[in-house]
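The following paragraphs lead the reader through a single protein chain. Please keep the sequence and the coordinates at hand while reading.

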Amino acid sequence: MPSYGKYKPHDIKYIFNRSLVWIVLIAFILLRFTIAFAGAETDYYTVDVVNPTGDIDLGNISVKVIDNETSLDKITYHIDPSYNEMELINDLKVPLNNSCEYYTVSWNVHSYFE
């Protein structure tokens with residue numbers, strides 16, 4: 001007869017302890033999807049360019065609003081949400097390469113479903 005230690009397999013504590021890891025894992029996955037969909041900006045992408053070295057030409061990317069904050073040395077672009085997020089990131093790579101210290105792009109998980 002196998003030794004189960006302190007608890008038997010039919011005990012509620014044994015079942016809870018064995019399934020606790022799976023409960024926590026599923027909770028993290030659900031939390032991640034909740035944050036992705038609730039935190040998505042669906043009206044536009046926000047691109048923040050920090051410490052630009054000069055005039056930045058984004059080419060054929062349709063920019064809605066440009067906000068230039070000189071006190072923070074940051075330019076904020078609002079870009080049309082019809083772009084797929086991965087295509088936008090790839091299209092921004094060329095014009096912003098060596099043109100700024102760094103840039104950030106807001107996420108829109110809904111763009112992957114269009």
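**A guided reading of the chain**

Ile61 is buried, because its relative accessible area is 6% and burial here means under 20%. The model in which this residue is seen is a predicted one. Ile61 belongs to the loop between strand 1 and strand 2. Apart from residues up to four places away in sequence, Ile61 touches Ile79, Tyr83, Leu88, Asp91 and Leu92. For one of these partners, Ile79, the C-alpha atom is separated from that of Ile61 by 7.4 Å, with the two positions 18 residues apart along the chain.

From this loop residue the view may be widened to the whole fold. The protein chain contains 2 helices and 4 strands, and their order along the sequence is α-β-β-β-α-β. Of the contacts with a separation of 6 or more, 66% join residues 24 or more positions apart. Among the 114 residues of the chain, 25% are buried. The accessible surface amounts to about 8300 Å², and carbon and sulfur atoms account for 59% of that surface.

The confidence of the prediction should be considered alongside these values. The mean pLDDT of the protein chain is 81, and 87% of the residues score at least 70. Among the elements, strand 4 has the highest mean pLDDT, 88, whereas strand 2 (residues 63-69) has the lowest, 76. Where pLDDT is low, the predicted coordinates should not be read in detail.

Attention now turns to the interior. Which residues touch the most other members of the largest nonpolar core? They are Tyr77, Ile79 and Leu92, in a core of 14 residues. At least two residues of this core come from each of strand 1 (45-50), strand 3 (74-79) and helix 2 (85-96). Two of the three residues just named, Ile79 and Leu92, are also among the residues that Ile61 touches. Tyr77, for its part, is in contact with Tyr45, Thr46, Val47, Val49, Ile56, Leu58, Val63, Val65 and Ile66, when neighbours within four places in sequence are left aside.

Helix 2 also carries Ile89. This residue counts as partly exposed, because its relative accessibility is 30% and thus falls between the limits of 20% and 50%. The C-alpha atoms of Ile89 and Val47 are separated by 9.9 Å, although the two residues are 42 residues apart along the chain.

Two asparagines deserve a closer look for their backbone geometry. Asn51, in the loop between strand 1 and strand 2, has a phi near 55°, a positive value in a residue other than glycine. With 27% relative accessibility, Asn51 is partly exposed. Asn98 is placed in the loop between helix 2 and strand 4, and its phi, near 60°, is likewise positive in a residue other than glycine. Is Asn98 buried or exposed? Asn98 counts as exposed, because its relative accessibility is 69% and the limit for exposure is over 50%.

The final stop is the surface. Phe16, Leu20, Ile23, Val24, Phe28, Leu31, Ile35 and Trp107 form a nonpolar surface patch of about 740 Å². Trp107 lies in the segment after strand 4 (102-105). Trp107 is partly exposed, with a relative accessible area of 35%. This value permits Trp107 to belong to the patch, because patch residues must have over 30% relative accessible area.

Technical notes:
Residues numbered from 1 in each chain as written. Predicted model: local features only at pLDDT ≥ 70, side-chain atom pairs only at ≥ 80, totals over all residues. Heavy atoms only, no water. Patch = residues over 30% accessible without salt bridge, like charges linked within 9 Å, V, L, I, M, F, W, Y side chains within 5 Å. Areas by Shrake-Rupley, 256 points an atom, 1.4 Å probe, with all protein chains shown as cover. Salt bridge = Lys/Arg side-chain N within 4 Å of Asp/Glu carboxyl O. Buried < 20%, exposed > 50% of the residue type's maximum accessible area, 1.4 Å probe, protein only. Core = buried A, V, L, I, M, F, W, Y, C linked by side-chain atoms within 4.5 Å. Contact = heavy atoms within 4.5 Å. pLDDT = per-residue confidence, 0-100.
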